[in-house]
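Here are some comments on the model you sent, set out as numbered points so that each can be checked against the structure on your screen.

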Amino acid sequence: MTDTYPPGVQEYIQRGEALTAAEESRRAAMRAMKFDTIAVHGLYGMEAALANQGSIIEPTYLSPAQHFENSDHMEAALAYLMPAWAYSRVANPTQHFLEETLALLEGYGCEVATSACVTASGMAAVFMATNPFLSGRAPMNIVASARCYGGTFMLFQERYGAERGVEIRWVHDPLNLQEWSDQIDENTRFLYGELPSNPGLAILDVAAVAALAHEHGCPLIIDSTVATPALLRPLCHGADIVVHSLSKSITSSGMAIAGALIARHDLPSHIGTDEMREDFVRYVKLLPYRDHGPGLSPFSAMMIMNDLRTLRSKMDLFSRNTMQVARFLSDHPQVGAAFYPGLESMRDYALAAQQMWLVDGALEDGAPLNRYGHLMGFTMRGGAAAARAAFDRLQLIWRATDLGRIKSIATIPAISTHQQQGESGRELAEVPDNLIRMSVGGEHPDDIIADLDRALTGA
Ligand SMILES: *Cc1c(COP(=O)(O)O)cnc(C)c1O
């Protein structure tokens, strides 16, 4: 079909093929490297640097638009027949380097072909990953873990459910495979889960839920914000699409709001076109993303890329600190219960241990080095009032709603992230009003523990 283009355009198409081949060989070379190396370099190598004044750091192109050499170049680029970016709402070189690194990291250690797309927020990523499956006629339903982020709960329940008539079938206990399978039928568009969930720290068996989804020809979408690819890569367990709030753990210095969706190629879906199933992210990027406009600022893309380079070592540090804090809290007399995937007392501990370990880390005997991330929660004895009083006494740990930061923070989900769901929504998501959620950062754990001890005992 491309030979219907004039010879000048054909030349650009050929030039585009050479550029695509060069990028593919760089991608293959990076795929053979270790996680940290990919995180540090991504697709930006010496050749790309020489086309960028020799800079060893990726360029930050703030320009909204690309200049074309001539009309032939413009025609080839805008027909998507050669790599080009054209306009920053649709694509941008800085975003592109970030997307390529994320795609490589989520597919690390397994043989899945992946593509990634970055968005202006985590919620934009959840929307872009799910909305394309909700086209066409009713009846349609989605089967989703109720133990999910508050914003996701509202998107599904209110925007998709109440406003658009999509039937939302909540799974109350994501560990219960029967509950998932009982709710799937021929009108199910996708399955959706989050692990570890924010704030409830629920775990699910990604491989088993993926198998259920695939039996019914549906994709499984997983929000992996809290784990990051340093601790868990859902695509390697059979999931089809991963979403992240990059605003959280991946941008641990806390300098951007952003999201990402990363999908395997050739995913199952009853609806949509062959192009959509073949490369879902490419479809999203070229069409719905262009039309909905959730693009990420190139400046933010650079801030995120900078943090992403050291993701593995930071997740290791945060996890080790959190483990100490969780052990301290679980023994504290003022604490009702402490929740952390790494505590043996958790009902889903075995499943967490099986799925969450530090990438490229191993014990001396070769056993996986379990790491459980930075997110934990605990309930206060004495109910909501006691929880608020302890919270208000914190002097080092910030009172804030985000997580995954170099700085430790605490929040009360019932009055913040999960306020708008109402009591019944919170019950569904198991968010009691005396729950304090904590994200432990890079401070020395002794100082975090001292701040907590002071706050909890009221000293
Ligand atoms: C914060 C968060 C989101 C939404 O991300 P934003 O960047 O705030 O839009 C989605 N999922 C989880 C698990 C989150 O913690």
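**Notes on the predicted model**

1. Asp360 is partly exposed, with a relative accessible area of 37%, and should be read with the caution due to a predicted model. The residue is found in strand S9, which spans residues 357-362, and Asp360 has a positive phi of about 60 degrees although it is not a glycine. Most residues other than glycine have a negative phi.

2. A positive phi also appears at Thr228, another residue other than glycine, where the value is near 65 degrees. Thr228 is found in helix H10, which covers residues 228-231. Is Thr228 buried or exposed? Its relative accessible area is 0%, so Thr228 counts as buried, the cut-off for that term being under 20%.

3. Two peptide bonds deserve a check, given that most peptide bonds are trans. The bond from Leu195 to Pro196 is cis, with omega near -20 degrees, and a cis peptide bond also joins Asn198 and Pro199, where omega is about 5 degrees. Pro196 lies in the loop between strand S4 (188-194) and helix H9 (206-215), and Pro199 likewise lies in the loop between S4 and H9.

4. Which residues surround the ligand? Asn198, whose bond to Pro199 is cis, is one of them, and the others are Ser121, Gly122, Met123, Tyr149, Glu194, Asp223, Thr225, Ser245, Ser247, Lys248 and Ala258. By residue class, this shell divides into three nonpolar, six polar and three charged residues.

5. Among the approaches to oxygen atoms of the ligand, a polar side-chain atom of Ser247 lies 2.6 Å from an oxygen atom, and a polar side-chain atom of Ser245 lies 2.8 Å from an oxygen atom. Met123 takes part through its backbone, with an N or O atom 2.9 Å from an oxygen atom of the ligand. The ligand has 380 Å² of accessible area on its own, and the protein covers 93% of that area.

6. Strand S14 (residues 435-439) is largely enclosed by the rest of the structure, because five of its five residues are buried. In a regular strand the side chains alternate between the two faces of the sheet. In S14, Leu435, Arg437 and Ser439 point one way while Ile436 and Met438 point the other way, and all are buried.

7. How many bridges join strand S11 to S14? There are five between S11 (residues 375-380) and S14, and the two strands run antiparallel. Strand S13 (residues 409-411) is joined to S14 by three bridges, and this pair also runs antiparallel. Met438 in S14 can serve as a reference point for both pairings, since Met376 stands opposite Met438 and Ala410 stands opposite Met438 too.

8. Met128 is found in helix H6, residues 122-130, and is buried, with a relative accessible area of 2%. Leaving aside its neighbours within four places in sequence, Met128 is in contact with Thr119, Leu261, Phe280, Val284, Pro288, Tyr289, His292 and Pro294. Ser115 is 13 residues from Met128 in sequence, and the two are 14 Å apart in space, taken from C-alpha to C-alpha.

Conventions
Residues are numbered from 1 along each chain as its sequence is written. This is a predicted model: local features need pLDDT of at least 70, side-chain atom pairs count only at pLDDT 80 or more; totals for chains, interfaces and linings use all residues. Side-chain values use heavy atoms; hydrogens and water are left out. Helices (H or I, at least four residues) and strands (E, at least two) are DSSP runs, numbered from the N terminus. Buried means under 20% relative accessible area, exposed over 50%, partly exposed in between (1.4 Å probe, protein chains only). Contact means heavy atoms within 4.5 Å. Two strands pair if DSSP finds at least two bridges between them. A residue is near a molecule or strand if one of its heavy atoms lies within 4 Å of it. A polar contact is a pair of N or O atoms within 3.5 Å; within protein, one must be able to donate a hydrogen and the other to accept it, and residues adjacent in sequence count only if both atoms are side-chain atoms. Accessible areas come from the Shrake-Rupley method with a 1.4 Å probe; for residues, only the protein chains shown count as cover. Ala, Val, Leu, Ile, Met, Phe, Trp, Tyr, Cys and Pro count as nonpolar, Asp, Glu, Lys and Arg as charged, and the others, Gly among them, as polar.
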